[in-house]
Every structure is written in structure tokens, then in C-alpha cells.
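Welcome! Please take a moment with the sequence and the model below, and then let us walk through them together.

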Amino acid sequence: MHVVVNAAMSADGKLSSRRREQIRISGHEDFARVDALRADCDAVMVGVGTVLADDPHLTVEDPDLRAERRERGDSDHPARVVADTRARTPPDARVLDDVARSYVAVGETAPDDRCGALRDADAHLVTAGTERVDLAAALAELETDGIDRLLIEGGGELLFSAFETGVVDELSVFVGSQIIGGRDAPTLADGEGFVDEFPELTLAAADRLDDGIVLSYTVAD
Ligand SMILES: NC(=O)C1=CN([C@@H]2O[C@H](COP(=O)(O)OP(=O)(O)OC[C@H]3O[C@@H](n4cnc5c(N)ncnc54)[C@H](O)[C@@H]3O)[C@@H](O)[C@H]2O)C=CC1
Ligand SMILES: Nc1nc(O)c(N)c(N[C@@H]2O[C@H](COP(=O)(O)O)[C@@H](O)[C@H]2O)n1
């Protein structure tokens, strides 16, 4: 599977404020770029922290991009995937609506009643890991369902985990022109942080967009 990470951060590296409310960091051009990234993927993944904070839809907005997907024989929208160890995704979350296929990757000890409620909402459950979702195992199972290209949009806990697991092939990050600040505000990679070995990136491009810059990297194996 090919894994692309995309996020938008402030000039001081924050994905949102300490209140964990969604902040508009990208401008129109960058949202259009992200829409095209989504349209190029088989699935878009976020952590349950993002679902609880933002209630995102994770669909393709541009009708022309949806038409291109149909011409390729794909559904209008990529599938949505939530990494959700304890099955906390609300059954009425927008990522579970019926415009696209939805997966929730849960841990082995996720409560049965919550898993049942998610299945009732037509979510496809993938079980992998205990303390938290085992990303390598979950992605391998998604691959058997035809998901070959995955976009991970955040938040900071899930992105750290993705880099720690070594599943990320490409990173693009829009750096906006504001300061959010706050030691408790989410950053691009939260989690425990690396201390000895750090994932190495190769800068492939730096493009000005809106009032910011998009940095595009490949990730070393
Ligand atoms: N500016 C941007 O591009 C984006 C900003 N955000 C912001 O990020 C914030 C949410 O980020 P976080 O609180 O860090 O939550 P998150 O979205 O990274 O979800 C973390 C949760 O996912 C679950 N999880 C399951 N398996 C996991 C694994 N292997 N590794 C890590 N977590 C796993 C855990 O319950 C964990 O608490 C919100 O404020 C949201 O607005 C989110 C996405 C993009
Ligand atoms: N690319 C980008 N720029 C920003 O400024 C953002 N705040 C985000 N947030 C992400 O987009 C999700 C919302 O998706 P929908 O519009 O509901 O499809 C949100 O949950 C974050 O993952 N992204």
C-alpha cells in the first residue's frame, strides 16, 4: 500500500488550537489541492480524536474530480477510515454516512455494544491491536479489500503513530501564515516523540499557495 500524509499547520507547527477545535489554516487553493489528493486515493484516514473534534466528512467536493473517478471505474468518493481503539466514533458521525464506504479500525478490547452500534450504522470493522490500533495490521487488512493508496489527514496522535510504524511514503504539509501557539495544541506528530532515531525526509518540492507554502517530502525506507 502507498501511504500519503497531508496536513495543514500554522507557521509554529500547530494543527489546531489547544481547544482542539478545527481551524481554517488552508486557503481555497490548498483545500482544492487536498480535494485532488483525496480524489487520487482509495481511502482517507483520520484518528477518532479528529472525528470527535471536527466531525469531518472526508469526501471529494469538486464534481469534476468525482466525474474523473467515475470514468476510472471508482466510486464518487474514496472510502473513509477511522482509527478508533475503543470504538468511540459516534454512530451518527458524518464519516459513517452512506455517500461512501466507511471503515472503523478498532482494538481487540473495543466494547461489543459500541462495535455493534457501528456495524448497525453500516461501518465495516477492522480489528487490529490492543492498546491502540496496530496500524501495520489494519492497513494490511484494508489492502486485501482493494485499498492500495491511502491518504492520512491526522490528527497529531495518529500521524506520529504512522511515522513510528514506518508506513508513510509521502508527506505534504501546508504551512499557513499564522501563529496558534500553546504547548497543548496538536502538532504534526505528537505521541511520545522520537528520541534516538528520527524518520528522515527528502524535500521534493516547495510551492507557494494561498498565503502559505506547501512542502512535499518523500520518506526514506
Ligand atoms: N490542520 C490539519 O490538517 C488537521 C488538524 N486536525 C486536528 O487535530 C486534532 C485531533 O488530533 P488528535 O487529538 O491528535 O487526535 P487523532 O485524530 O490523531 O486521534 C487520536 C486517537 O486515535 C485513536 N487511535 C487508534 N489507533 C491509534 C494509533 N495507532 N495511534 C494513535 N492514535 C490511535 C486513539 O483513540 C487516539 O486517542 C483536532 O483538533 C483536529 O482539528 C486533524 C486533522 C488534520
Ligand atoms: N487541509 C486542511 N486544512 C485545514 O486548514 C484544516 N483545518 C484541515 N483539517 C482537516 O480537514 C478535515 C475536514 O474535512 P471535511 O471538510 O469535513 O471533509 C478535518 O477533520 C481535518 O482532518 N485540513
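What follows is a guided tour of the two ligands, the residues around them, and a few details of the backbone.

Please keep in mind from the start that this is a predicted model.

Let us begin with ligand 1. The space taken by this ligand is the largest pocket. Four elements give two or more residues each to the shell around ligand 1: the strands β1 (2-9) and β6 (149-154), and the helices α2 (48-54) and α6 (156-165). Helix α2 makes the largest contribution to that shell, with five residues. In total, 28 residues surround ligand 1, and the closest are A8, S16, R20, T50 and S161.

Now look at the polar atoms around ligand 1. In the side chain of T50, an N or O atom is 2.6 Å from an oxygen atom of the ligand. Elsewhere the backbone takes part: E157 has a backbone N or O atom 2.9 Å from an oxygen atom of ligand 1, and for G47 a backbone N or O atom is found 3.4 Å from an oxygen atom of ligand 1. How much of ligand 1 does the protein bury? Taken alone, the ligand exposes 870 Å², and the protein buries 88% of that.

Next, turn to ligand 2. Ligand 2 sits in the largest pocket. The elements that give two or more residues to its shell are β1, α1 and α2. Here the largest share comes from α1, with three residues. There are 17 residues around ligand 2, and those that come nearest are I23, I25, S26, R38 and H57.

Ligand 2 also has polar partners to look for. A polar side-chain atom of S26 is placed 2.6 Å from a nitrogen atom of the ligand. The side chain of D54 has an N or O atom 2.9 Å from an oxygen atom of ligand 2, while H57 has a polar backbone atom 2.9 Å from an oxygen atom of ligand 2. On its own, ligand 2 has 520 Å² of accessible area, and the protein covers 83% of it.

S26 deserves a second look. This serine belongs to the loop between β1 and α1. Is S26 buried or exposed? Its relative accessibility is 7%, so S26 counts as buried, the cut-off for that word being under 20%. Besides its place beside ligand 2, S26 has a partner within the protein: a polar contact of 2.7 Å joins its side chain to that of D30.

The loop between β1 and α1 (28-39) also holds R20, which is among the closest residues to ligand 1. Its backbone has a feature of its own: phi of R20 is near 55°, a positive value in a residue other than glycine. With a relative accessible area of 43%, R20 is partly exposed.

A second residue of this kind is D122, where phi is near 70°, again a positive value in a residue other than glycine. You will find D122 in the loop between α4 (112-120) and β5 (124-127). D122 is exposed, with a relative accessible area of 62%.

A glycine, too, can be picked out by its phi. Just after α3, G73 takes a positive phi of about 90°. At the start of the helix α3 (residues 63-71), a side-chain oxygen of D62 reaches to within 2.8 Å of the backbone nitrogen of D64.

One peptide bond is also worth finding. Between G154 and G155 the bond is cis, with omega near 0°. G155 lies in the loop between β6 and α6, and both of those elements give residues to the shell around ligand 1.

Finally, let us consider the cysteines. How many disulfides does a search of the whole structure find? The search finds zero. C41 is buried, with a relative accessible area of 3%, and C115 is buried as well, at 7%.

To retrace the tour, go back to ligand 1 and the five residues that α2 gives to its shell, then move to ligand 2 and the three residues from α1. From there, the loop between β1 and α1 takes you to S26 and to R20.

Key:
Residues numbered from 1 in each chain as written. Chains lettered and ligands numbered in written order. Predicted model: local features only at pLDDT ≥ 70, side-chain atom pairs only at ≥ 80, totals over all residues. Heavy atoms only, no water. Disulfide = S-S within 2.5 Å. Buried < 20%, exposed > 50% of the residue type's maximum accessible area, 1.4 Å probe, protein only. Near = heavy atom within 4 Å. Polar contact = N/O pair within 3.5 Å; in protein donor to acceptor, adjacent residues only side chain to side chain. Areas by Shrake-Rupley, 256 points an atom, 1.4 Å probe, with all protein chains shown as cover. 1 Å grid on protein atoms, 1.4 Å probe; cavity = no way out; pocket = protein on both sides within 12 Å on 5 of 7 lines; lining within 4 Å. Sits in = over half its atoms within 2 Å of the grid points.
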